[in-house]
Amino acid sequence: MSNSITRKKAADARQEQIAAKNPQFEPEEGPPRFIADVMLGRLARWLRIAGFDVLYSNSFSDDELIDVSCRERRILLSRDTRLLIRRTVRSFIYIESQDVLEQVRQVFKAVNVGSLDSLLTRCLSCNEALLAIPRESVRKAVPEYVYRTQKSFKSCPTCGRVFWAGTHRASVVRILEDLLASRC
Ligand SMILES: [Zn+2]
């Protein structure tokens, strides 16, 4: 019992220290870029759907996360107070909720996302920006029905997967737009 109280106190103290760090995001050209810690794979995926550049690997060590965040000027996303309390961590968002859509809403608010201009422009597996490709070039790569009904296709330069406006696009877009509208 006393151990758990001590742990809770220590965690509260870390949260206060993290809040006191009051991270400032240096203005950059273009949209903010992120690196997500190993616990935040689902958040990384949602942010990629929204078009953001988010590095994620389930094997990043704490040192790698901090190093890449500093070197590439990426905002570190984490729920780990022991990581964020470290002196070398400067540009970060302490993710508060365990609910992934709440997490997305918090990020949108923290970096002041105004509109979703880059929805579905990034490979969800590789994080690469998708490139438009000629429709004829995917004739053999996609199902016949998709080829007949879709006008434009994109592909990932890294994994080669072909993307088109799929059936769940509308619901995904609606969820993100609702989050954006309610971020204040
Ligand atoms: Zn890819």
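A residue counts as buried if 20 or more other C-beta atoms lie within 10 Å of its own. Keep that cut-off at hand for the exercises below, and remember that the model is predicted.

**Exercise 1. Get an overview of the protein: find how many helices and strands there are, and what share of the residues count as buried.**

Solution. Start with the inventory: the protein has seven helices and seven strands. Next, follow the chain, which gives the pattern α-β-α-β-α-β-α-β-α-β-α-β-β-α. Then take the dimensions: the C-alpha trace spans about 65 × 35 × 30 Å along its principal axes. Now apply the cut-off from above, and 24% of the 184 residues count as buried. Finally, look at contacts between residues at least 6 apart in sequence: 54% of these join residues at least 24 apart.

**Exercise 2. Work out the strand order of the open sheet of four strands, and name its edge strands.**

Solution. Begin with strand 3 (residues 75–78). On one side, three bridges join strand 3 to strand 1 (residues 34–36), and the two run parallel. Here A36 has L77 as its bridge partner. On the other hand, strand 3 also pairs with strand 4 (residues 92–94) in the parallel sense, again over three bridges. In that pairing L77 is partnered by I93, and S78 stands opposite Y94. Adding strand 2 (54–56) completes the order 2-1-3-4, with parallel pairing. Strand 2 and strand 4 are the edges, since each pairs on one side only. As a last step, check the twist: neighbouring strands are turned by 25 degrees against each other on average, direction ignored.

**Exercise 3. Decide which residues of strand 3 point the same way, and find which strands helix 3 lies across.**

Solution. Sort the side chains first: I75 and L77 point one way, while L76 and S78 point the other way. Then check burial: all of these residues are buried. Now turn to helix 3 (residues 62–71), which lies across strand 1, strand 2 and strand 3. Its direction is at about 175 degrees to strand 1.

**Exercise 4. Describe how helix 5 and helix 7 pack.**

Solution. Take the geometry first: helix 5 (residues 100–110) and helix 7 (residues 169–181) have axes 9 Å apart, at an angle of about 50 degrees. The two helices are therefore oblique to each other. The crossing is right-handed. Then list the contact residues: L101, V104, R105 and F108 come from helix 5, and I175, L179 and L180 from helix 7. Sorted by class, this contact has six nonpolar residues, no polar ones and one charged one.

Methods. Residues are numbered from 1 along each chain as its sequence is written. This is a predicted model: local features need pLDDT of at least 70, side-chain atom pairs count only at pLDDT 80 or more; totals for chains, interfaces and linings use all residues. A residue is buried if 20 or more other C-beta atoms lie within 10 Å of its own, exposed if 12 or fewer, and partly exposed in between; C-beta atoms are placed from the backbone. Two strands pair if DSSP finds at least two bridges between them. Two residues are in contact if their C-beta atoms, placed from the backbone, lie within 7 Å. Axes are lines fitted to C-alpha atoms, for helices over the stretch in contact, and angles run from 0 to 180 degrees between N-to-C directions. Angles under 35 degrees count as roughly parallel, over 145 as roughly antiparallel, 65 to 115 as roughly perpendicular and the rest as oblique. A crossing is left-handed if the near helix is turned anticlockwise from the far one by less than a right angle, and right-handed if clockwise. Ala, Val, Leu, Ile, Met, Phe, Trp, Tyr, Cys and Pro count as nonpolar, Asp, Glu, Lys and Arg as charged, and the others, Gly among them, as polar.
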